[in-house]
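Trainee: I would like to learn how to read charge pairs, ring pairs and surface patches in a model, one feature at a time. Could we go through them together?

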Amino acid sequence: MAAFTERMAPVLLLWLAVCLSGAWAVDRGNFKTCDQSAFCKRQRALKPAESPYRALLETMELTNTKLTLQLINDNNKVRLLLELYRLQGNMTRVKINELKPLKPRYEVPDVLIREPPTEPLSLLSQDENGVVLSLGAESQRVIVSARPFRLDIMEGREVVMSLNSRGLLAFEHLRMRKDTQTEPEVEKNEEADPANQAETAKDEDKAVDGMWEETFKSHSDSKPNGPSAVSLDFSLPGVEHVYGIPEHADDLRLKTTDNGDPYRLYNLDVFQYELYNPMALYGAVPVMLAHNTHRTTGIFWLNAAETWVDISSNTAGKTVFGKMLDYVQGSSETPQTDVRWISESGIIDVFIMLGPTPTDVFAQYASLTGTQSFPPLASLGYHQCRWNYNDQEDVRSVDAGFDEHDIPYDFIWLDIEHTDGKRYFTWDPHKFATPKEMLQGLKDKKRKMVAIVDPHIKVDSNYKIHNEIRSRDFYVKNKDGGDYEGWCWPGNAGYPDFTRADMRDWWASMFAYDQYEGTMDNLHTWNDMNEPSVFNGPEVTMHKDAMHGDWEHRDVHNIYGLYVHRATAEGLIQRSGGTERPFVLTRAFFAGSQRYGAVWTGDNAAEWDHLKISIPMCLSLGLVGISFCGADVGGFFKSPGAELLVRWYQTGAYQPFFRAHAHMDTARREPWLFGPENTALIREAVRQRYTLLPYWYQLFYQAHRTGYPVMRPLWVEYPQDPATFAVDNEFLIGKDLLVHPVTEEGARGVTAFLPGKHEVWFDVHTFQKHNGAQNLYIPVTMSSIPVFQRGGSIIPRKLRVRRSSLCMEDDPYTLYVALNVQRTAEGELYIDDGHTFNYEKKEFIHRRLSFINNSLSSVNLAPDAQFTTASWIERIVILGASKPSKVIVKTTDGQESPVEFEFDASMSVLTLRKPGMNAGEDWTVTLQ
Amino acid sequence: MFFQIIFAAVFSGGLVDARKIRGISSSYKRFYRERKSFLCIDGSKIIPFEQVNDDYCDCDDGSDEPGTSACPRGRFYCTNLGFRPHYIPSSRVNDGICDCCDASDEYNSHAHCQNTCWNLGQKERAYVEVQMRTLDEGLRLKQQLIEEGVLLWREKQAQLRELQQVAEDLQIKLEEHRRRKHEADQLKEQTLKALAAGDSGLGRWNRTVSSVFQLLDSNGDGSITVDEVQAKVSFVHDEEQILSEEEAAALLGGGQRMDLIKFQHTLWEVLTKGDNVKIKDTPSSPVGEDPHLQAADKAAEWETTNLKKVEEAYDTVNMEISDLQKKLAIDYGTDWEFLFLNSQCYKLKVYEYTYTLCPFNQVLQKNTAGTEVSLGMQLNPILPL
């Protein structure tokens, strides 16, 4: 154990530090509260009041693409420039910057996939109090009020959203540092040149604690640019439900923050995070959705600095009865949610997505930041991970274990111990002496591997990667201009400046097969610790006064992880000559991270509450574009008991990213280590996942095309049913599968809400039919995974579950046709080669399957696409059917032939035996 | 038995399609006789015989598709002629991975599988031969170890018996010595008592004066002369220096000789009270112990030393016996075949560690830096063979 200790010294140090802190949970003292974050404290101290800002209407300019207007703060005379855009697809962009900042303020690049196309704004009316502009269709207008400044977006007579209606617009202008405390108050002068106005600023310039320097624990932030925070409030009349702004370990529906801290967005490596609170976690997507029965809207606050979001509501705390009383008495004000965003630096650049439906908002956000990358099919299978698989023999024997126990899997993972002393892009020369041999062994079984590559680079002059980064001067700099160094897994480490395009290009080139030795095409990558995690930094991350070129880390913090993820994904694409889709998992993320791969919810724990929270955490991510989400199955810290582990597999099998992972200090927990009964339960859960891979794949294709989430909260599909608005113990996959995992210890039953007044739902295991709009009690045993298929849907499955997804490539399909009350059903089937970008060259099959008038047909949805498949239709199972006298299949060539069938009258299930059509062709099956 | 299947395939082929018999072992062949219908082996369903191995799963038990991947829980029989036959899950039929060495599982896939059974069989046979040889050699070595073990065991047993005999003898001796010591102690005690009694009367006194007188009176003529004094008396501080005649004469009260009465009042006083002169070869006190007492004391001391020696010998022998018994109590295998391990140590290098395992003794881990950690004792290394 001695050398183990040696090797693990940094880890042990950390562990020791943690253990000394005494509690098995996050040490909250390591992370700032709003009060401890100077700008948050300053900004939050401002209370709703009349805004000091006034719009100078005489400065208004209206062009084809935008309206610009100056705002003035009557307290300090600093002028701001407002830009207002009407964007294509029913969005409004509001940008506010200083008119003449002392130096440029950071505007977040690389998140928008293009400069959003605009549509002309037209002036409807104007007077000295303000202007009214048309937003085009549906009588949508934006009203700019001058004194005080506010924006109201209207539809007809209804206010959809108001900005600065509570007067919380605050913009800390950049200023020269004045160290003299006794600064004479400069006389106000309305006529002064705006450039000098910063100099004439009033009392707010007086040194407030933390404006020019801030200390947290032993870390000091030198703040050479002084205060630079921005803040703005949004009012949402008629809204009681807001969602999004991940990542937080909290409910799906966001809570009001009046009695505590705001939700915090600041990518942090939080050790053993606590649940149900607004603390920051590994990733940040500054996007919030607001929803009521007739409209869904979204706010995208494009700012990568530390950000806090306050939420308050005039109905919060009222009981249902209280609300009813208000309604009956007619005395109630309209319910309203007020939101306030506060960021430490940068500018205000906010996109208001006006919906009006949830799918509209998804499409609108996707048009700004792009959609989920289309993952290789195999990555939708099961992933077996552990910190760590010790050596090649360990990998081989775990791989063999899956075959021995007949459990499919696609990827086995290697954590940091596989490297030569935590030098990424290398292999431990003893334990992984012949990596290609190992990879070939997996390839022979049609399986793959993921190896970790973290962004902290060991400072070691014998390490090629370090030497190259240093010689190219690619490291992030400290405030004094030297290379920034921090403590992480390898000990002393440098952090490459991933905000630089040339750095990212170089990083990507390191994944080439001749650079990253021992790799093959079935090796993919995992980026961990990219918040970035700095063990000895403030809040376990980088100092805010570290420098990325001209910008402070303060400005770019939340986007750093996205850049790491992006550079890695680009590397994997490049090594294949641009043909292969990459698979890269990241822990840190930002708006737009969906374009580069998968995310997971970080270092959770083997506890039932952590299993439960995996649902709202992934739902929240899906709402803001990141569909490929999962939680460590089994829980990372601590060892799960068999029941929890089984339940977690059953839940994970129905979540987008399905990976088991475990901390080094926990007992081994491969699926066969808990006795034959539990092995069988886990095997069954994983097999269910594999049968549904065609459906998952089709949903990811849809997510890639449209931005619709794969895993959806119920309200997204039932937006008019308030009963669905806060549900987060169950979820939909696409719109057709409802999953209510068992997440309670010792559960004997669960109560699932089946939505939709006119819907019917079929238990996918028993085919029993249930009506929608009811709470259904379902007795459960250890083998139960309550899943329902919506009447009116067709779901393709592959029932021949094999060793890995690739082994199932040419297998035939079974179509599950669940009829609704109108006896119709519809679904899709998407097929391509599963791993290349050739689908972009129209090499795929995309078909619409529809059942209407007793006839099921397959119609080409992409007539210009070309692909051939060996897969055929081996079985069609029609749920809620009646018995036909005869079934005829008709194929493209006009041939008709009878199909054998079986009918189960007790469950009304009709099974068509071996109709045999090729899955890529047109056909019709008629029941007579 | 494999030939039967081949025979069936080739010669019954006219009646039975090759696909029908795919994936079946000879013992199951009887379920798949060509008839109009097929009864699922679990009896759950009857289907037309054409539906056997037609790539659609009809039977819940998978028995209608022994040769395809259609049934989720089916199994496929690899005949593997020339090697060992075995079952694989149906899901491995035509999955593009060669599982059966006769390539029979990939009859309709992209995989190009070679029939490797003969080679594997050869290898297996060669391997088995080597194994057999190894086993024979092992058994031979084992027999040798057993013989050695038995010999060693007997030797140790004999040694034990011998030691036990020695212990018994020592026990007797020990008792004898204890008795003798006891007697000597008693004698010494009695002498002391007698002396204590004599101290209070003249008898002891007179005897003492006269005995010293006799000691000095070398020629026994009843008087002490200068010569006699010079021969027997010396200075306390310098034994070597002979007294001069004048000094000797002074001790005799200025005369040339002295009788007992005079001695008692002159020289005796000097010898007993003064600290200038003494009788040669005696401690500074010319009087010393009573010779009887001295003899008794010496005898007691002698016996104590003897007893201690015997006791020590007895303890040593007993320790040896218990050590030997402990060793003999360990399970060295039914035929003492592991006895030889007792004195052995083995080293293994794993990366930066060197492990030292001494069977029936301790296990050590040493790293390259030289730090040694005990991993405990290994008292029973015997694994079932």
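Trainee: Which residues are linked in a network of salt bridges?

Mentor: A salt bridge is read from a side-chain nitrogen of Lys or Arg lying within 4 Å of a carboxyl oxygen of Asp or Glu. In this predicted model, a network of such bridges links A:D221, A:R264, A:E306, A:E344, A:E539, A:K544, A:E552 and A:R554. Over all chains, a search of the whole structure finds 86 salt bridges.

Trainee: Are A:K223 and A:E214, whose side chains meet in a salt bridge, buried or exposed?

Mentor: The cut-off to keep in mind is that buried means under 20% relative accessible area. A:K223, with a relative accessible area of 3%, is buried, and A:E214 is buried as well, with 8%. Their side chains meet with N and O 2.7 Å apart.

Trainee: Which parts of the chain does the salt bridge of A:R687 and A:D406 link?

Mentor: The closest N and O atoms of A:R687 and A:D406 are 3.9 Å apart. The pair links distant parts of the chain, since A:R687 is in helix α14 of chain A and A:D406 is in the loop between α7 and β23, 281 residues apart. A:R687 counts as buried because its relative accessibility is 7%, whereas A:D406, with a relative accessible area of 22%, is partly exposed. Another salt bridge joins A:D864 and A:K842, at 3.4 Å from N to O. A:D864 lies in the loop between β47 and β48 of chain A and A:K842 in the loop between β45 and β46, so this pair ties together parts that are 22 residues apart in sequence. A:K842 counts as partly exposed, at 35% relative accessibility.

Trainee: How many aromatic pairs are found over all chains?

Mentor: Ring pairs are read from the distance between ring centres and the angle between planes, and planes over 60 degrees apart count as edge-to-face. The whole structure holds 56 aromatic pairs over all chains. One of them, A:F402 with A:W672, is edge-to-face, with 4.9 Å from centre to centre and 90° between the planes. A:F402 lies in helix α7 of chain A and A:W672 in the loop between β34 and α14, so the pair ties together parts that are 270 residues apart in sequence. Both rings belong to buried residues, A:F402 having a relative accessible area of 0% and A:W672 one of 17%. The pair of A:F425 and A:F511 is edge-to-face because the ring planes stand at 65°, with the centres 5.0 Å apart. Ring pairs also link A:F411, A:W413, A:W526, A:F583, A:W600, A:F628, A:F657 and A:F700 into a cluster.

Trainee: Which residues make the nonpolar surface patch of about 500 Å²?

Mentor: A residue enters a patch if its relative accessible area is over 30% and it has no salt bridge. The nonpolar patch is made by B:Y127, B:V128, B:M132, B:L135 and B:L139. Among them, B:M132 has its place in helix α2 of chain B, residues 117–198, and counts as partly exposed at 45% relative accessibility.

Trainee: Which helix gives the largest share of the negative patch?

Mentor: The negative patch on the surface gathers B:D227, B:E245, B:E246 and B:E247. Three residues, its largest share, come from helix α5 of chain B, residues 245–251. B:E247, found in that helix, is partly exposed, with a relative accessible area of 31%.

Note on methods: Residues numbered from 1 in each chain as written. Chains lettered and ligands numbered in written order. Predicted model: local features only at pLDDT ≥ 70, side-chain atom pairs only at ≥ 80, totals over all residues. Heavy atoms only, no water. Patch = residues over 30% accessible without salt bridge, like charges linked within 9 Å, V, L, I, M, F, W, Y side chains within 5 Å. Areas by Shrake-Rupley, 256 points an atom, 1.4 Å probe, with all protein chains shown as cover. Helix = DSSP H or I, 4+ residues; strand = E, 2+ residues; numbered from the N terminus. Buried < 20%, exposed > 50% of the residue type's maximum accessible area, 1.4 Å probe, protein only. Lys, Arg positive; Asp, Glu negative; His and termini not counted. Charge placed at Lys NZ, Arg CZ, Asp CG, Glu CD. Phe/Tyr/Trp six-rings, centres within 6.5 Å; stacked < 30°, edge-to-face > 60°.
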